[in-house]
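Hi,

Here is the structure I promised to pass on. Have a look, and my notes on its charged pairs follow underneath.

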Amino acid sequence: MKVLFCIFVVSGCVATNSLSIDGLTNLFIRAGKNKLNQSDWGTIHDLAEILYLPQDNFVNEETRVAGRSNLFCVLCRSVFSAFIDLVNADVKDEDLVDSIVLICNSLSIVSPNVCHGVVLLNVPILSYIIRNTPEAEASTFCSVFFQTAIETENCRYNDERFDWEVELPPRGEISKISYDSRKPLTVAIITDAHIDPLYEENGVADCSEPTCCRKGQTSRNHKYSYNPDRDEYIILRSLNFDNGEPNIDVGVAKTLREVRNVTRKSERLAPPAGYWGDYRNCDSPLWAYDDLVDRIHSSHKDIDIIYYMGDTIDHHVWETTYELIDEVNQYLVNKLRKTFGDVPVIATIGNHESQPTNQFAPERITQEKLNTTWLYESLARKWGVYLTEEAKATLRRQGDFSMVLRPGLRVISLNTNIAYKNNWWVVFDPLDAKTHLDWLVNELYKAEKAGEKVHILTHIPPGVHDLVNPWTREYNRIVNRFQQTIAAEFNGHTHTDEFKIFYSIEDKDIPIAVSWGGGSASAYTKNNVNYKIVVLDPNNYNPISISNYVYNLTEANLTPNRRPHWFKLYDFKNTYGVKDLSPNSLNELVYSMVTDKKYLLDIYSAFYSKLSDARWPYCSNDCKIANICRIVVTVLFDRKKCEELTKLFYSTK
């Protein structure tokens, strides 16, 4: 969705060296009315030079994007202020689309297909929200959309609608029930398939669009040369403050052009897309997903349950359709059903399942091409064979469901996408996220009174900067309250192999719960493909063993006619030398990683990308400590534990 912002933001500019928010706002209004002059066009290209950041940096360089967040927010606020004024002035959606697409195409940063597709899909939702939400201010859109792991000074909102809390029931006595089996249960974890039905082996992997390796794409236009160490220093100088008011110095663009032209090298033809996938911005071919499923079935004969953590659809967000989404979701389910028969598949919804991508409207939004009910009903039909009638009913209504899977084991599939920062509907109704957590509290309380243990499945993991702050804070409170009932949590979304530790609210040094990331069945971006096998203790349904299985994508693509060589990357307990997978043991492990056993942090950082040739060899100490911080941050912006571990890491030899 950063593509959409860049398309919007370059529409509001003026041909002077210093641009205030008011100046940007006024000129974006003129852009929306198709009244830009030639000088304005020159400044548009200057801002495009400043804003340019390759797509893989949006995905992987969290700290670099955080450094730009103030700049992005200043530009974003002016853009949304103008957009709000234009909508309130009754400028038609089609006129706004035409103006923005015209400017986007003139810049040639992405293809015309991307320009038209992204704008056309998102403008109707944004205009609806603005027309129907007087409280929706530009600062709220931008502070949510550009929030990062670290709270920034100039990217905050003042919107009381986000000041909500869930009500937690008083602690009561937990019931005890007997279980019908003492045999350990084996669970296969699959996540983030990102199947591209149009994947083209030997196709263009360095293309002119944000995601590549698809039939019909062309090689990238290398108009912009990007050097992170050089460019970021220059770019950050473009944001200045005059009496506390921010402005943008577009004169920086001239400097960028000069250094980029001097250092620009002749471009070599990039290698084509691999057969089994590609480390670059590419999704997965159908046959790679099939191979993963077949590998699990042939190598693990004792699978009792499959957890699928969402994100079936590809990253070509500018050309998704209802029909494609439906077909690919059906393909994924059919393959699992055909391969595993009656083995239950319990899934959660990924942010890429919606149309357009990331957009999850509240239940009361029923208008065509705005509602999300179509998705929930579609998934209820596809997953229905595995679900109870009650579970299907709540899935159809809100995208969540809860059901008893085995005697004593309840699984809750929680729809975290409604709190995703790229979901425009968060600004329409921040309290919609609260209703889902209220539902979660009721389900956990029901389980507590029945003596059940609970597995929580979410696509987006807790504490990450992709979720709005109140959601992460309140979810943390819920986990604290029901720590005796929650036996395990599993997530997807990040594509990396990681885990998270929750700490007691009363005593920050006491670990109380662990959330396990699933990795990804896709190589997007710079990761090896993986699945996990989890063995559960039949007495409490806690994980007692977690193993990760991967293959090296470089090696696999050398022999396209032979199936990939899968291998066990690790068995968590044995590889890291922990006695069990409890919060206490994981907490001890994390402290060892930054003090007396730093080699374990080296291993963790290598396994983070599943030994990806394109990633792990380049992980510096700062990269490694960032990986540690992701483990211990479960409430957005609460980084005290991260700061403590960072000091320990750099103060010990």
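First, the term I'll lean on: a salt bridge here means a side-chain nitrogen of Lys or Arg within 4 Å of a carboxyl oxygen of Asp or Glu. Keep in mind that this is a predicted model.

So how many salt bridges does a search of the whole structure find? The count comes to 34. Three pairs are worth pulling up on your screen.

Start with D231 and R230, which form a salt bridge with their closest N and O atoms 2.5 Å apart; that counts because the cut-off is 4 Å. Are these two residues buried or exposed? D231 is buried, at 0% relative accessibility. R230 has 18% and also counts as buried, because the limit for buried is under 20%.

Next up, R473 and E474 meet through their side chains, at 2.7 Å from N to O. Here the two partners sit in unlike settings: E474 is buried, with a relative accessible area of 0%, while R473 is partly exposed at 28%.

While you're looking at shared partners, there is one network to trace: salt bridges join D46, E49, R230, D231, R257 and R260.

Last, D206 pairs with R220, and their closest N and O atoms are 2.6 Å apart. Both residues lie in the loop between β2 (185-190) and α9 (228-236), and 14 residues separate them, so the pair links distant parts of the chain. R220 is partly exposed, with 28% relative accessibility.

Cheers

How values were computed:
Residues numbered from 1 in each chain as written. Predicted model: local features only at pLDDT ≥ 70, side-chain atom pairs only at ≥ 80, totals over all residues. Heavy atoms only, no water. Helix = DSSP H or I, 4+ residues; strand = E, 2+ residues; numbered from the N terminus. Buried < 20%, exposed > 50% of the residue type's maximum accessible area, 1.4 Å probe, protein only.
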